[in-house]
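Visitor: I am new here and would like to know what stands behind the words people use for a structure. Could you show me one and let me ask about them?
Guide: With pleasure; please ask away.

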Amino acid sequence: MHKTSDDLALVRLGLKGDERAFEELVRRYENALYHLAWRMLRNDEEARDVVQEAFLRVYRSLDTFDQSRKFSTWVLRIATNLCIDRYRRRKVWLLSIDVDAEDEQRRPIVLVDQGPDPAAVHGKTSLARSLDRMTQRLPPIYRTIIELRYKQSLAYEEIAEVLDVPLGTVKARLHRAHRHLKDLLSEAGIGPEAWDA
Amino acid sequence: MACPQRQRALQEYLSGDLPPVAARELEAHLESCADCARDLAAYRRLMAALSELPDAPPVPGLHRDVMAALRPQLVKWRHRRETRTQLVMRRGLSAVLAGAFALSLSVALWGWMGRIGSVATARFSRDLVGLWKSAQELWQLVRLFGDVLRTLEPAALGLWEALRSSAAPLVPWGPLILASYAAVAVLGGWLCWRAFHALKEGDLSHAS
């Protein structure tokens with residue numbers, strides 16, 4: 001994330017009704033938002049919906065944006081909240097099916113990747129492929145934090161701003177996410193000795 | 001994992017967040033604890049591998065799709081984003097154009113009625129009932145004009161947005177908008193001049 005000062009200039013132009021400035025903001029952040037949404041939801045259509053809804057909300061509430069803050073973290077926060085809402089709705093829907101099942105016992109739900117295996121598409125290393133699968137088994141909040149830290153390359157402070165949590169919480173969640181992933185890889189029989197990063 | 005209490009310290013050590021004193025203590029511990037040393041190596045590789053996580057699949061046409069979904073809403077909300085000056089300019093220009101149009105329409109109607117014939121026009125000017133009916137007809141005409149405008153507005157806006165999005169990088173829309181305003185104003189002025197000229201020439205002389 002960069003071009004912060006340019007972002008603010010574009011926001012100010014957008015506030016004056018300059019749609020081309022707003023379109024430039026969309027162009028700058030649409031991919032970041034899509035990747036975040038895709039990592040959370042693993043569904044192209046839903047990820048696109050999140051991007052559109054996020055920018056609609058951005059435009060609608062542009063005049064409430066605190067210009068002393070970074071636009072990038074604000075827009076990521078909006079998208080993150082939308083993703084979490086969708087994830088919860090999806091989970092509720094799956095739970096309602098689950099309750100109708102014979103045993104009426106709520107089992108843990110694992111959401112399955114509905115898209116193509118990106119690692120297969122991009123030919124990444126086997127560890128990256130395994131990690132990508134493992135991240136899908138993390139709770140959404142850990143998935144988000146992994147995406148923000150490693151794919152969006154945000155600093156801890158920026159992640160705290162996006163998630164609206166204290167800095168210590170960000171670090172604690174990231175540590176727990178690392179530990180979860182390490183344990184999941186070990187359970188899958190993928191030991192550190194096989195990690196050729 | 002021999003030292004669960006050190007899992008967080010190991011990660012903080014790798015990310016440089018561990019205070020120097022704690023870091024030195026951990027380094028000393030690592031020399032004597034093979035499990036923690038293995039976990040440290042595992043976290044180091046894990047963090048490096050996370051940076052290599054595959055990207056989402058490529059999304060061709062994302063910008064086009066996003067903007068296509070956004071544009072109707074942007075049009076709807078555009079007026080909310082106007083500054084006071086833009087609002088005054090827009091409303092002022094609209095009022096001037098509407099005034100020019102109404103004036104030219106009224107004068108043209110007056111002239112047209114004058115040409116109908118002296119008797120009918122004389123009756124019109126004297127007969128209050130006739131005046132009321134004429135006013136009603138004029139009001140119907142204005143309402144019809146408003147309905148036509150309302151019907152055409154969405155189509156015109158859609159056409160405008162389509163033109164603007166397809167030719168946005170090529171066309172200087174600002175000067176074109178001003179030029180179109182100027183053209184409409186000139187047209188309105190010309191209509192008025194024609195109507196007044198017709199009056200001066202005595203087209204309505206029959207009405208008196």
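Visitor: What makes A:Asp164 count as exposed?
Guide: First, please keep in mind that this is a predicted model. The relative accessible area of A:Asp164 is 57%. Exposed means over 50%, so A:Asp164 is exposed.

Visitor: Which salt bridge does A:Asp164 take part in, and how do you know that it is one?
Guide: The side chain of A:Asp164 meets that of A:Arg77, with 3.8 Å from N to O. The cut-off is 4 Å between a side-chain nitrogen of Lys or Arg and a carboxyl oxygen of Asp or Glu, so A:Asp164 and A:Arg77 form a salt bridge. A:Asp164 lies in the loop between helix H8 (156-163) and H9 of chain A, while A:Arg77 is in helix H4 of chain A, so the pair ties together parts that are 87 residues apart in sequence.

Visitor: Why is A:Arg77 called partly exposed?
Guide: A:Arg77 has 22% relative accessibility. Partly exposed covers what lies between the 20% limit for buried and the 50% limit for exposed, so A:Arg77 counts as partly exposed.

Visitor: What does the salt bridge of A:Arg86 and A:Glu46 tie together?
Guide: The side chains of A:Arg86 and A:Glu46 meet at 3.4 Å, N to O. A:Arg86 lies in helix H4 (residues 71-99) of chain A and A:Glu46 in helix H3 of chain A, so this pair links parts 40 residues apart in sequence. Both A:Arg86 and A:Glu46 are buried.

Visitor: What separates A:Glu24 and A:Arg28 along their helix?
Guide: A:Glu24 and A:Arg28 are four residues apart in helix H2 of chain A, which means that about one helical turn separates them. They form a salt bridge, their closest N and O atoms being 3.3 Å apart. A:Glu24 is partly exposed, with a relative accessible area of 29%, and A:Arg28 counts as partly exposed at 25%.

Visitor: How many salt bridges does the structure hold over all chains?
Guide: The structure holds 20 over all chains. The rule finds three across the interface of chain A and chain B.

Visitor: How do you know that A:Arg48 and B:Asp65 form a salt bridge?
Guide: The closest N and O atoms of A:Arg48 and B:Asp65 are 2.7 Å apart. The limit is 4 Å, so the pair counts as a salt bridge. The rule also finds eleven residue pairs in polar contact across the interface of chain A and chain B.

Visitor: Which element gives the most to the side of chain A that touches chain B?
Guide: H2(A) gives the most, with twelve residues. By class, that side of chain A has 26 nonpolar, eleven polar and 19 charged residues.

Visitor: How many residues of each chain are in contact with the other chain?
Guide: 56 residues of chain A are in contact with 47 residues of chain B. The two chains bury about 4800 Å² between them, with 63% of it on carbon and sulfur atoms.

Visitor: Is B:His63 buried or exposed?
Guide: B:His63 has a relative accessible area of 16%. Buried means under 20%, so B:His63 is buried. B:His63 is found in helix H4 (residues 62-77) of chain B. Not counting residues up to four places away in sequence, B:His63 touches A:Glu23, A:Val26, A:Arg27 and A:Glu30.

Visitor: How do you know that B:Cys33 is in no disulfide?
Guide: A search of the whole structure finds zero disulfides over all chains. For B:Cys33, the nearest cysteine sulfur is that of B:Cys36, 3.6 Å away. A disulfide needs two cysteine sulfur atoms within 2.5 Å, so B:Cys33 and B:Cys36 do not form one. B:Cys33 counts as buried at 11% relative accessibility, and B:Cys36 counts as buried at 0%.

Visitor: What are the chains built from, in helices and strands?
Guide: Chain A has nine helices and zero strands. Chain B has eight helices and zero strands. Buried residues make up 50% of the 197 residues in chain A and 25% of the 208 residues in chain B.

Methods. Residues are numbered from 1 along each chain as its sequence is written. Chains are lettered from A and ligands numbered from 1 in the order in which they are written. This is a predicted model: local features need pLDDT of at least 70, side-chain atom pairs count only at pLDDT 80 or more; totals for chains, interfaces and linings use all residues. Side-chain values use heavy atoms; hydrogens and water are left out. Contact means heavy atoms within 4.5 Å. Buried area is the accessible area (1.4 Å probe) that two parts lose on being put together, summed over both. A polar contact is a pair of N or O atoms within 3.5 Å; within protein, one must be able to donate a hydrogen and the other to accept it, and residues adjacent in sequence count only if both atoms are side-chain atoms. Helices (H or I, at least four residues) and strands (E, at least two) are DSSP runs, numbered from the N terminus. Ala, Val, Leu, Ile, Met, Phe, Trp, Tyr, Cys and Pro count as nonpolar, Asp, Glu, Lys and Arg as charged, and the others, Gly among them, as polar. Buried means under 20% relative accessible area, exposed over 50%, partly exposed in between (1.4 Å probe, protein chains only).
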